[in-house]
Amino acid sequence: MSKLTKNQKLAKEKIEAGKSYTLAEAAALLKEITFTKFDSSADIDVRLGVDPRKADQNVRGVVSLPHGTGKQVRVLVLCGPEAEAAAKEAGADYVGLDEYIEKIKGGWTDVDVIITQPQTMGKVGPLGRVLGPRGLMPNPKSGTVTPDVAKAVKEVKQGKIDFKVDKKGIVHTSIGKMSFAPEQIKENAQAFINTLIKLKPNTAKGTYIKSIYLSSTMSPGIKIDTKSIDA
């Protein structure tokens with residue numbers, strides 16, 4: 001077992017053993033236990049009381065974080081020529097169709113989000129084998145297959161993220177950067193949790209929000225008191 005670094009020891013010492021924190025407390029503490037020289041991500045992990053193997057409990061959704069994600073999101077819009085100008089004006093980094101489809105077939109996936117139109121899905125669909133494993137495949141549920149590509153680009157650039165529960169019933173996502181103020185981290189986390197609560201499947205039994213942890217890229221996790229969450 002590897003030894004803890006000096007900073008790792010400091011971080012663990014600041015977290016009170018067995019204690020669950022409010023979101024506000026955790027957001028402030030997270031700033032104290034993050035020692036990276038780069039602007040690391042503020043992350044949240046929520047364990048849900050669902051069975052992801054059942055289609056009606058496979059929780060997935062989108063949320064617009066009030067303070068954005070803090071990172072530059074590279075957006076590719078695959079659309080017809082009639083929508084190209086609007087997509088570019090909205091801030092898309094790459095816009096086109098056939099030339100980018102060929103690039104993707106060749107292995108190019110140097111983007112964070114791909115947005116397309118319903119009428120172009122016939123061409124985009126076969127890219128699933130390349131885009132699916134990378135989480136880049138456009139999907140109507142995440143708002144990335146839409147007639148209004150310009151609106152979708154603006155939302156993504158302003159902090160809209162999509163998420164999906166994994167096989168173990170955990171939803172993990174980044175909700176900002178450690179350069180954010182504690183209040184911004186707290187409010188982004190609250191918005192994310194509120195969205196998860198709204199998505200609770202009718203068939204989910206027992207406790208829905210089982211546990212919540214806040215962490216940064218290289219910090220320990222801080223346990224959140226689920227009873228303190230404002231629904």
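What follows is a conversation about salt bridges and a sheet in a predicted model.

Reader: How many salt bridges does a search of the whole structure find?
Author: The search finds eight salt bridges in this predicted model, and one of them is formed by Glu32 and Lys14, whose closest N and O atoms are 3.6 Å apart.

Reader: Which helices do Glu32 and Lys14 lie in?
Author: Glu32 lies in helix H2, which covers residues 23-32, while Lys14 lies in helix H1, residues 6-14, so this salt bridge ties together parts that are 18 residues apart in sequence.

Reader: And is Glu32 buried, exposed or partly exposed?
Author: Glu32 counts as partly exposed because its relative accessibility is 42%, a value that falls between the 20% limit for buried and the 50% limit for exposed. Lys14, at 40%, counts as partly exposed too.

Reader: What about Lys123, which residue does that one form a salt bridge with?
Author: Lys123 forms a salt bridge with Asp98, and their closest N and O atoms are 2.9 Å apart. Since Lys123 lies in helix H5 (residues 121-124) and Asp98 in helix H4 (residues 98-105), the pair ties together parts that are 25 residues apart in sequence. Lys123 is partly exposed, with a relative accessible area of 44%, and Asp98 counts as partly exposed at 42%.

Reader: How far apart in helix H4 are Lys105 and Glu102?
Author: They are three residues apart in helix H4, which means that about one helical turn separates them. Lys105 and Glu102 form a salt bridge, with 3.7 Å between the closest N and O atoms, and Lys105 is exposed, its relative accessible area being 53%.

Reader: Which residues are linked in a network of salt bridges?
Author: Such a network links Arg74, Asp110 and Asp112.

Reader: Changing topic, what order do the strands of the open sheet have?
Author: The four strands of this open sheet follow the order S7-S1-S8-S9, and their pairing is antiparallel. Strand S7 (170-177) and strand S9 (222-223) each have a single partner strand, so each has one side without a neighbour in the sheet.

Reader: How many bridges do S8 and S9 pair over?
Author: Strand S8, residues 209-216, pairs with S9 over two bridges in the antiparallel sense, and Leu214 has Ile222 in S9 as its bridge partner.

Reader: Then which strands does H2 touch when it packs on the sheet?
Author: H2 touches strand S1 (41-48), S8 and S9, and its direction makes about 25° with that of S8. Helix H8, residues 182-198, also packs on the sheet, where it touches S1, S7 and S8, and its direction makes about 150° with that of S7.

Notes: Residues are numbered from 1 along each chain as its sequence is written. This is a predicted model: local features need pLDDT of at least 70, side-chain atom pairs count only at pLDDT 80 or more; totals for chains, interfaces and linings use all residues. Side-chain values use heavy atoms; hydrogens and water are left out. A salt bridge is a side-chain nitrogen of Lys or Arg within 4 Å of a carboxyl oxygen of Asp or Glu. Buried means under 20% relative accessible area, exposed over 50%, partly exposed in between (1.4 Å probe, protein chains only). Two strands pair if DSSP finds at least two bridges between them. Contact means heavy atoms within 4.5 Å. Axes are lines fitted to C-alpha atoms, for helices over the stretch in contact, and angles run from 0 to 180 degrees between N-to-C directions.
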